[in-house]
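Here are some notes for a colleague who is opening this structure for the first time. Please keep the view at hand while reading the points below.

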Amino acid sequence: MNLSTDVMPVRFEPALEREEPSEATTIDELVKTFVGMARTVADTEGHAFRAVHAKGQGLLRGELTVFGGLPEIFAQGLFARPGVYAALMRLSAPPAEQLTDEVSTPRAVAIKVLGVPGDRLPEALGPDAQDFLMVNGPAFSRPDPRGFLKDVKMLAATTEKSPRGKEVLSAVLRGAEHALEAIGGESAKLKSLGGHPKVHPLGETYFSQTPYLFGPYVAKFSLQPLSPALTALDGAALETEGDDAQREAVAQFFAAQAEPVDWALRVQLCVNTDEMPIEDASVKWDEDMSPWVQVATLSLASQQSWQGEATQAEEDALAFSPWNGLAAHRPLGGVNRARKIVMAASREFRSTFNRCPIHDPVRVGGAA
């Protein structure tokens with residue numbers, strides 16, 4: 001556990017957030033586009049899924065253990081005192097459609113920590129959960145909502161169209177990405193469009209990409225594999241094939257584990273707002289300037305990660321949002337301001353179409 005206190009974290013001030021003049025209009029367009037994608041999928045498939053990260057690859061139960069003895073700059077919000085909390089972890093794929101895994105997009109994870117005390121955000125979905133949403137890349141694809149809207153409109157134009165064509169395109173893009181990586185480069189754009197390498201999702205390191213309050217400070221979050229069984233999967237190609245290759249690989253892994261496996265939940269504090277901006281989500285924060293520090297451990301034991309219609313029904317009743325949590329971890333920046341409104345609209349459409357109320361669970365696997 002690296003508890004470096006050499007960094008001098010920036011204290012948050014409201015002036016660090018700056019809303020663009022056209023931001024409200026852009027967010028309105030994002031809402032229309034995302035809900036439009038969700039409606040297209042629902043009308044085609046007879047069921048409303050999430051407007052993004054629609055395909056669940058695993059829904060798992062575990063425990064989050066927050067460390068004791070953290071230095072003051074890391075002992076904030078959820079991490080202010082030691083404790084053990086019940087947690088859910090959802091693995092997913094980003095598009096709005098239930099695409100086959102032959103269309104390889106970035107891997108994503110959402111964590112819901114239950115029974116967390118403290119003052120909550122007005123937008124929180126329930127009484128005591130803290131959600132963390134992460135993707136396996138350190139920075140967002142675009143700096144702000146306006147840039148994000150361009151990508152989303154392109155995705156919307158292809159939703160529920162030419163699934164076989166998307167598989168072929170994905171293979172081409174994966175080849176291009178492989179060529180880039182062979183010479184030491186990579187392209188977040190190629191990966192987001194379907195060119196992500198077909199690697200095992202459990203070996204990946206995940207990042208919040210956007211910044212959050214961390215008590216009086218500003219931080220990003222990350223989830224990194226710790227157990228040898230997980231780190232051995234870093235960059236490992238999927239051994240399973242077919243429409244649900246990721247889901248099957250996750251299920252096989254957790255069915256075979258004799259002992260729980262662990263991830264490190266980490267924090268990176270903002271120490272320089274010029275080089276670690278709040279309003280430009282596309283900038284990777286320098287790890288030499290401010291290293292990641294582990295503040296908790298997420299542990300998951302052997303279990304069934306997907307049980308067909310039963311798991312899908314459980315997913316339908318759940319929502320994960322960066323705004324579902326403590327005021328001490330309020331999301332920051334334009335991308336997060338957009339997510340607050342877009343995700344709420346998506347939840348409302350999904351709940352209404354499916355006639356399924358969405359709520360935070362009170363108990364998970366018998367734990368409080």
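1. In this predicted model, helix α8 covers residues 334-354, and its 21 residues should span 30 Å at 1.5 Å a residue, which agrees with the 30 Å between its end C-alpha atoms. Just after α8 comes R355, which takes a positive phi of about 55°.

2. Turning to the aromatic rings, the count comes to 11 aromatic pairs, taking ring centres within 6.5 Å as a pair. In one of them, the rings of F79 and F221 have centres 6.4 Å apart and planes at 40°, so the pair is tilted, since this angle is neither under 30 degrees nor over 60. The pair links distant parts of the chain, 142 residues apart, with F79 in the loop between β1 and β2 and F221 in strand β7. F79 is buried, with a relative accessible area of 1%, and F221 also counts as buried, at 2%.

3. Another tilted pair is formed by F207 and W292, at 5.8 Å centre to centre and with 55° between the planes. Here too distant parts of the chain are linked, because F207 belongs to strand β5 (residues 206-207) while W292 is in the loop between β8 and β9, 85 residues apart. F207 counts as buried at 11% relative accessibility, and W292 counts as buried at 11% as well.

4. One aromatic cluster is formed by F79, F132, Y212, F214 and F221, which include both rings of the pair in point 2.

5. Two charged side chains also deserve a look. K112 lies over the face of F320, at 4.7 Å from the ring centre, and the charged end of R247 sits over the ring of W306, 3.9 Å from its centre.

Technical notes
Residues numbered from 1 in each chain as written. Predicted model: local features only at pLDDT ≥ 70, side-chain atom pairs only at ≥ 80, totals over all residues. Heavy atoms only, no water. Helix = DSSP H or I, 4+ residues; strand = E, 2+ residues; numbered from the N terminus. Expected span 1.5 Å × (residues − 1). Phe/Tyr/Trp six-rings, centres within 6.5 Å; stacked < 30°, edge-to-face > 60°. Buried < 20%, exposed > 50% of the residue type's maximum accessible area, 1.4 Å probe, protein only. Lys NZ or Arg CZ within 6 Å of the ring centre and 35° of its normal.
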